[in-house]
Amino acid sequence: MEFKVVVILSFLLCICNGYVFGPSTQSAVEADRKEMRIQSDINILKDNMHELLKRVSKNKNEIASLKRENQYLRKELENKRRKFSCEINVLNEHSYEHQQLLNDTKTEIIHLRSSTIEEIRNRVDKLEILESQRSEVNNTECIDKPVLTSCDDGWKRHTNNCYYFSTYSASWTDAKRECTQNDSRLADASSTSEIDFLKNNTAKYEKNFWLDGTDESEEGVWVWSTSGQRFNVDDWYSSEPNNADDNEHCLEIRRKLDNQWNDVDCSSLKSFICKKPLM
Ligand SMILES: [Ca+2]
Ligand SMILES: [Ca+2]
């Protein structure tokens, strides 16, 4: 009997634990767990919010820095724009001035070209007239003058020319006239053999002799006065021509300079050499 009572009480206790007290204890545990999870979530959210606030603060600083940089760049851009605008204006002004200058130069060139062409035409016309006159004179000379087959007495022959070495002195201008009056001209020299011929003869006479060369028209530009031709050969002494006292414009063969060429005062008196063709 006692055993039956014990079994019955144990059974009732089990029922009480399972159906009366069991459910309320489980809910409390579950509630605690939920509270802990929520608290944990809240802590995580707090941490996240704190992190977000830090980022927001940092971004604000960066934004402020970018704004300042943006303002600086805008100012720089404006300064550059003003500077380039100013330079462009200056360049435009210069370009305009250069264009004006170019136009003036073009006009001047056109004018010069026209006047030069006109001058050349005039000179050609004059040359044609002179050529015509010279032909007439040559024809007359050919008819009137006998052909020389040998040089006159007192004249020396070299190749196809005759040369007269004067025994008296005259100025360069008078010497030219003397030669012309003797159907010849003041001698020029067109080859080294002719220069040697003249030099060898003047050495024998031991005098200074005029030649036809002069730079009277243009200082330093030596020509043969009769032909107007520039020298194709010369025999200047090493330190000549020196245009001493700015007054030496006529050509002599100078004895004391090894019978080489020297420029000298045209009014000085010297012997001279006349030249005329043999044929
Ligand atoms: Ca001179
Ligand atoms: Ca001289």
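**Fold, core and unusual backbone angles of the predicted chain**

Thr159 is exposed, because only 10 other C-beta atoms lie within 10 Å of its own, and a residue counts as exposed when that number is 12 or fewer. In this predicted model, Thr159 sits in the loop that runs between strand S1 (156–158) and strand S2 (161–165). The phi angle of Thr159 is near 50 degrees, a positive value in a residue that is not glycine. Although Thr159 and Leu278 are separated by 119 residues in sequence, their C-alpha atoms are 8.4 Å apart in space.

The protein chain contains three helices and eight strands, and the order of these elements along the sequence is α-β-β-α-β-α-β-β-β-β-β. Of the 279 residues in the protein chain, 15% are buried. Among the contacts in the protein chain with a separation of 6 or more, 66% are made by residues that stand 24 or more positions apart. The average pLDDT of the protein chain is 84, and 82% of the residues score at least 70. Over residues 11–21, however, pLDDT stays under 50, and for this stretch the model has two contacts beyond four places in sequence. Where pLDDT is low, the predicted coordinates should not be read in detail.

Strand S4 (209–214) is largely enclosed by the rest of the structure, since six of its six residues are buried. Its pairing with S6 is antiparallel and extends over three bridges, with Phe209 standing opposite Ile253 of S6. Phe209 also stands opposite Ser271 in S8, and S4 and S8 run parallel, joined by two bridges. A further antiparallel pairing, over two bridges, links S4 to S5, where Thr214 stands opposite Val223. Strand S4 is thus paired with S6, with S8 and with S5.

Strand S6 (residues 250–254) pairs in turn with S7, in the antiparallel sense and over five bridges; within this pairing, Asp263 in S7 is the bridge partner of Leu251. Strand S7 (residues 260–264) is mostly covered, four of its five residues being buried. The hairpin formed by S6 and S7 has five residues between the strands, and in this hairpin Asp258 takes a positive phi near 60 degrees. Asn259, placed in the loop between S6 and S7, likewise has a positive phi, of about 60 degrees, although it is not a glycine. Asn259 counts as buried because 23 C-beta neighbours lie inside 10 Å, where 20 or more are required.

The largest nonpolar core comprises 19 residues, of which Leu186, Ala187, Trp210, Leu211, Phe272, Ile273 and Cys274 touch the most other members. Two or more residues are given to this core by each of helix H2 (172–181), strand S4, S6, S7 and strand S8 (271–277). Once neighbours within four places in sequence are left aside, the contacts of Leu186 are with Ala175, Lys176, Cys179, Trp210, Leu211, Asp212, Thr226, Phe272 and Cys274.

In helix H2, the buried residues are Trp172, Ala175, Lys176 and Cys179. These four residues lie on the same side of H2, because they cover an arc of only 100 degrees around the axis. The elements that cover the buried residues of H2 include strand S3 (185–186), S4, S6 and S8. Just after H2, Asp183 takes a positive phi of about 55 degrees.

Most residues other than glycine have a negative phi, and most peptide bonds are trans. Against this background, positive phi values are found at Thr159, at Asp183, at Asp258 and at Asn259. In addition, the peptide bond that joins Glu240 and Pro241 is cis, with an omega of about -5 degrees. Pro241 belongs to the loop between strand S5 (223–224) and S6.

Technical notes:
Residues numbered from 1 in each chain as written. Chains lettered and ligands numbered in written order. Predicted model: local features only at pLDDT ≥ 70, side-chain atom pairs only at ≥ 80, totals over all residues. Pairing = 2+ DSSP bridges. pLDDT = per-residue confidence, 0-100. Contact = placed C-beta atoms within 7 Å. Core = buried A, V, L, I, M, F, W, Y, C linked by C-beta atoms within 7 Å. Arc of directions from axis to C-beta.
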